Amino acid sequence: WKVRFDHIMVDEFQDTNKLQMDLLRCLVGAHKNICVVGDDDQSIYGFRGAEISNILHFERFFPNPAVVTLEENYRSTNPILNTANGVIRHNKDRRAKKLWSAREGAEPVRRRAPT
């Protein structure tokens with residue numbers, strides 16, 4: 001299988017487990033043509049065995065990668081993203097990032113009591 005694939009891409013990499021990482025390491029040949037996409041702050045499958053360390057320590061498995069951090073958000077406004085940044089900055093073992101948007105937004109984020 002290693003010789004069949006010159007390039008490998010994995011989406012939602014933050015939710016991979018140890019077995020998946022071991023398989024990926026076996027599949028990636030000497031060419032090291034691997035691309036992964038993921039967000040360590042969006043890892044939600046720890047209960048299924050996902051290991052956030054796969055994305056946080058990617059460089060240990062595949063040395064010298066080009067890392068592109070996508071911080072611009074096209075859906076939300078800055079008040080929402082500023083609130084999100086305030087919450088996620090407390091996550092342990094995360095890569096630093098600061099979400100932002102060209103969409104300023106006028107409404108502040110408010111907490112509302114359930115009705």
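These exercises work through a core and an exposed residue in a predicted model.

Residues are numbered from 1 along each chain as its sequence is written. In this predicted model, local features need pLDDT of at least 70, side-chain atom pairs count only at pLDDT 80 or more, totals for chains, interfaces and linings use all residues, and side-chain values use heavy atoms, with hydrogens and water left out.

**Exercise 1.** Find which residues make up the largest nonpolar core.

*Solution.*
- Start with the term: a nonpolar core is a set of buried Ala, Val, Leu, Ile, Met, Phe, Trp, Tyr and Cys residues joined through side-chain atoms within 4.5 Å. Buried means under 20% relative accessible area, exposed over 50%, partly exposed in between (1.4 Å probe, protein chains only).
- The largest such core has eleven residues: Ile8, Val10, Phe13, Met21, Leu24, Val28, Ile34, Ile55, Leu56, Phe58 and Phe62.
- Strand 1 (8-10), helix 1 (18-27) and helix 2 (53-56) each give this core at least two residues. Helices (H or I, at least four residues) and strands (E, at least two) are DSSP runs, numbered from the N terminus.
- Now take Met21. Setting aside neighbours within four places in sequence, Met21 is in contact (heavy atoms within 4.5 Å) with Phe13, Asn54, Phe61 and Phe62.

**Exercise 2.** Decide whether Tyr74 is buried or exposed, and place it in the chain.

*Solution.*
- Tyr74 lies in the loop between helix 3 (58-61) and helix 4.
- Its relative accessible area is 64%, so Tyr74 is exposed.
- Next, look along the chain. Ala102 is 28 residues away from Tyr74, yet their C-alpha atoms are separated by 7.5 Å.
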